[in-house]
Amino acid sequence: MQTQPQRGTGAAIPLFQPPQSSRTTVYYEHIRVSGLPRERGRQYGQQAAAKIRRNVAHYMKPGQLPPWERTVKYINDIYVPGLKEYFPSALEEMKGIAEGSGVTVEEVIMLNARYDLSRAPGGSRYRPPSSSEKQVFTTGLWSRIDGAEDWDDLDNECTSSAFWQGATAGGGVYTAQNWDISSHLYENDLVILLEVHPDPSENAPSMFLVTEAGQMGRSGMNSAGLGLTANSLNSTADYFPEGTRAPRLPVSLLRRLFLQEKSFPKALQAVYHAPRHVSNNLTLSTAEGFALCMEITPNEAFVITPSAKDNHIIHSNHFLTPAIHARTDIQDSYPGGSSWFRHVQFEKGVLPFLDGGVDVDVITRAFSDHLGYPQSLCAHVDTSGGEGIPGYPFKNSMTVACVVYDLTRKVITVCKGPPCQGVFEKFKLDGVR
């Protein structure tokens, strides 16, 4: 693969330029936006309008999320107040996305909160409360909604990782992820490689994000050398603030909040203190040579900090911190499956190279493991047929993207679909100059 000379400034430049005719089938769409929040949101909406509208239509199907009238109420009672108080620039950016794509602001917020909204009454991850539970609805048991069409895996099964000096070839820092979620994103080409260059007046870093059409980020890195990959988690502490006007942020916007910062300590504080009502793991890293996992629940954060001897960290979709397993007031409610072995399989794949040999090729090969196929580390849609476990949510899940963020060199390596068959594309991110 030959690299092209960098052209211009303040842009992620493809290091390999594929034939234009193959881009729409082999690679996901790369969108570049710049300016103040409203303007860059408008640019995003205009460039991805058709895909955003298709993604909205998908989540409007019965059983994906609560009925629309109820969803709008939740958005205005919970997420709009949270955005106004804790992340007002994100609300402006989403208004711009709506203007550019021809959908409503509520529909854009719905896309960014669909992980959280699935826990609401009428959502695909809702568990009815016991008689002692009022207004606070815990989640954890899967149940299919009667009449649901194409019921999806809204809780993506992902494997995230980070490697730093001592493990890596050349001493760089990587954070990487297999993003596993409903196959509709892959089949309908609804993943966006979103490059964001804020206005200089904002004093914010440039960002490169891999996300769904209409969303503001799921994983990514910034020009200050911060990186974020993530995993869904489920705990009995998760709840939905039904019947209240409680300001909360969707989890996907906690991720974007982290990448808006230039300072690693400030970014950690931002996500630690952000109000939320569901659980998630955030694998947070810096080009300075450090990473940790923050397993957040609505009211706590369990931080997995590597020792001074460690040079990598890996996470999948169940709680790994010993503290939570010693508690009786909160439990991991992962339904069981590949998360119990994916992180181990990935570590086995990189283990021979942890003494200074880890690079992009080692990482992507390790992510291509097929133990437990099709619900493996490199995940594929389960076409085996049969009834299986009633209500099990991951049958239609697959690896829709594999991405490696090189925080040191500011290079992103990403493929469409599972790494065992995807064609990788490289970008280099430079900050606005």
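**Exercise 1.** Leaving aside its neighbours within four places in sequence, which residues is Ser101 in contact with? Determine also whether Ser101 is buried or exposed.

*Solution.* The structure is a predicted model.
- Step 1: locate the residue. Ser101 belongs to helix H5, which covers residues 88-101.
- Step 2: list the contacts. Once neighbours within four places in sequence are set aside, Ser101 is in contact with Gly45, Gln46, Ala49, Ile52 and Arg53.
- Step 3: examine the side chain. The Ser101 side chain reaches the backbone oxygen of Ile97 at 2.7 Å.
- Step 4: judge the exposure. Buried means under 20% relative accessible area. Ser101 has a value of 2% and is therefore buried.

**Exercise 2.** Establish where Gln345 lies, and which residues Gln345 touches, not counting residues up to four places away in sequence.

*Solution.*
- Step 1: Gln345 is part of helix H12, spanning residues 339-350.
- Step 2: with residues up to four places away not counted, Gln345 touches Asp369, Leu371 and Leu377.
- Step 3: for one of these partners, Leu377, the separation from Gln345 is 32 residues in sequence and 7.4 Å in space, C-alpha to C-alpha.
- Step 4: the relative accessible area of Gln345 is 10%, so Gln345 is buried.

**Exercise 3.** Describe the second largest pocket by its volume and its lining.

*Solution.*
- Step 1: the volume of this pocket is about 170 Å³.
- Step 2: the residues that line the second largest pocket are Ser89, Glu202, Asn203, Ala204, Gln260, Glu261, Lys262, Ser263 and Lys266.
- Step 3: sorted by class, the lining comprises 1 nonpolar, 4 polar and 4 charged residues.

Key: Residues are numbered from 1 along each chain as its sequence is written. This is a predicted model: local features need pLDDT of at least 70, side-chain atom pairs count only at pLDDT 80 or more; totals for chains, interfaces and linings use all residues. Side-chain values use heavy atoms; hydrogens and water are left out. Helices (H or I, at least four residues) and strands (E, at least two) are DSSP runs, numbered from the N terminus. Buried means under 20% relative accessible area, exposed over 50%, partly exposed in between (1.4 Å probe, protein chains only). A polar contact is a pair of N or O atoms within 3.5 Å; within protein, one must be able to donate a hydrogen and the other to accept it, and residues adjacent in sequence count only if both atoms are side-chain atoms. Contact means heavy atoms within 4.5 Å. On a 1 Å grid over the protein atoms alone, a cavity is a set of points where a 1.4 Å probe fits but cannot get out, and a pocket is an open set with protein on both sides within 12 Å along at least five of seven lines; lining residues have an atom within 4 Å of a point. Grid points are joined across faces, edges and corners, and a volume is the space filled by probe spheres set on the points. Ala, Val, Leu, Ile, Met, Phe, Trp, Tyr, Cys and Pro count as nonpolar, Asp, Glu, Lys and Arg as charged, and the others, Gly among them, as polar.
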